[in-house]
Amino acid sequence: ICPSADPDIGWSMWWYSDSHPLVAKQKIDDNNTTGDVTDPVEFYNKFIVADASDRTYENFTVNFANGGRFAVSRERILTRPIEYYEALLEQLSHDINPIEGYYMESMWYDVFHPDQLQAEYGEVCNMRPLPIGDAVEHPIMMEQAKRQLDTFLGITAATTTRSSTKSKDVNR
């Protein structure tokens, strides 16, 4: 389930974007005195860990596939009762683009592996080391991720150009 350790095709670079909803949310939290916004650690402890542990977790890193892309077996889904999923759905049903949806994107593994919570057992995959200095801007990471995918698929610039030209011919 983990990306290759090869930096040319494995995990993307660590990135940061001022416009990402979690960054914007943090700016709101810094000014929030009402306490009406659940932070990611609180959400994890209350809704992801739920019945899996009596512990409360504070400092941890979770591995996840950007965009919430994953596959899960029926058996894994059935490790939790339907009431658990109903409670999660309730948290995601208050807004058209809830911040909790971004939390879920990074927490799916732990939803379906309550016996292997990353906050307790550590990261599922070996990740790139944290960068020395700042993370890269999101557009740079996206370009690097495209190059990684192209490398993985064996696509070169010449192949990409030829194939896009062919598809234009077909669509005329």
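In this predicted model, helix α2 spans residues 40–49. Six of its residues are named here as buried: Phe43, Tyr44, Asn45, Phe47, Ile48 and Val49. The cover over the buried residues of α2 includes α4, α5 and α6. Both ends of the helix have a distinct feature. At the N-terminal end, Asp39 acts as a cap. A side-chain oxygen of Asp39 lies 3.0 Å from the backbone nitrogen of Val41. Ala50 follows α2 and has a positive phi, near 40°.

Residues of α2 also enter the largest nonpolar core, which has 17 residues. Those with the most contacts inside this core are Phe43, Tyr44, Ile48, Leu88 and Val111. Helices α2, α4 and α5 each supply at least two core residues. The greatest contribution comes from α5, with seven residues. Val111 is in contact with Ile48, Arg80, Tyr84, Tyr85, Leu88 and Met104, leaving aside its neighbours within four places in sequence.

Gln91 is found in helix α4. Its relative accessibility is 17%, so Gln91 counts as buried, the cut-off being under 20%. Beyond four places in sequence, Gln91 is in contact with Phe43, Phe47 and Glu100. Phe43 and Phe47 are themselves among the buried residues of α2.

Arg80 is placed in the loop between α3 (74–77) and α4 (82–92). This arginine is buried because its relative accessible area is 4%, against a cut-off of 20%. The side chain of Arg80 reaches the backbone oxygen of Asp110 at 3.3 Å. Residues up to four places away in sequence aside, Arg80 touches Ile48, Val49, Ala50, Asp51, Ala52, Tyr85, Asp110, Val111 and Pro114. Two of these, Ile48 and Val111, are among the residues with the most contacts inside the nonpolar core. Ala50, also touched by Arg80, is the residue with positive phi that follows α2.

A search of the whole structure finds three salt bridges. Side chains of opposite charge can pair when their charged atoms come close. One bridge joins the side chains of Arg76 and Asp115, at 3.0 Å from N to O. This pair links distant parts of the chain, with its residues 39 positions apart. Arg76 belongs to helix α3, whereas Asp115 is in the loop between α5 and α6 (118–121). Arg76 is partly exposed, at 22% relative accessibility. Asp115 is also partly exposed, at 43%.

Two further salt bridges involve residues of helix α7. The side chains of Glu143 and Arg147 meet at 3.8 Å, N to O. These residues are four places apart in α7, so about one helical turn separates them. Glu143 is partly exposed, with a relative accessible area of 42%. Arg147 is likewise partly exposed, at 46%. Lys146 and Asp150 form a salt bridge at 2.7 Å, N to O. Here, too, the residues are four places apart in α7, and about one helical turn lies between them. The two partners fall in separate accessibility classes. Lys146 is partly exposed at 42% relative accessibility, whereas Asp150 is buried at 16%.

A nonpolar surface patch also includes a residue of α7. The patch is formed by Leu149, Phe152, Leu153 and Ile155. Together, these residues have about 390 Å² of accessible area. Leu149 is found in α7, which comprises residues 138–153. At 46% relative accessibility, Leu149 counts as partly exposed.

Gly122 is found in the loop between α6 and β2 (136–137). Its relative accessibility is 31%, which makes Gly122 partly exposed. The C-alpha atoms of Gly122 and Val62 are separated by 7.9 Å. Along the chain, these two residues are 60 positions apart.

Conventions. Residues are numbered from 1 along each chain as its sequence is written. This is a predicted model: local features need pLDDT of at least 70, side-chain atom pairs count only at pLDDT 80 or more; totals for chains, interfaces and linings use all residues. Side-chain values use heavy atoms; hydrogens and water are left out. Buried means under 20% relative accessible area, exposed over 50%, partly exposed in between (1.4 Å probe, protein chains only). A polar contact is a pair of N or O atoms within 3.5 Å; within protein, one must be able to donate a hydrogen and the other to accept it, and residues adjacent in sequence count only if both atoms are side-chain atoms. Contact means heavy atoms within 4.5 Å. A nonpolar core is a set of buried Ala, Val, Leu, Ile, Met, Phe, Trp, Tyr and Cys residues joined through side-chain atoms within 4.5 Å. Patches are made of residues with over 30% relative accessible area and no salt bridge: like charges are joined within 9 Å, nonpolar side chains (Val, Leu, Ile, Met, Phe, Trp, Tyr) within 5 Å. Accessible areas come from the Shrake-Rupley method with a 1.4 Å probe; for residues, only the protein chains shown count as cover. A salt bridge is a side-chain nitrogen of Lys or Arg within 4 Å of a carboxyl oxygen of Asp or Glu.
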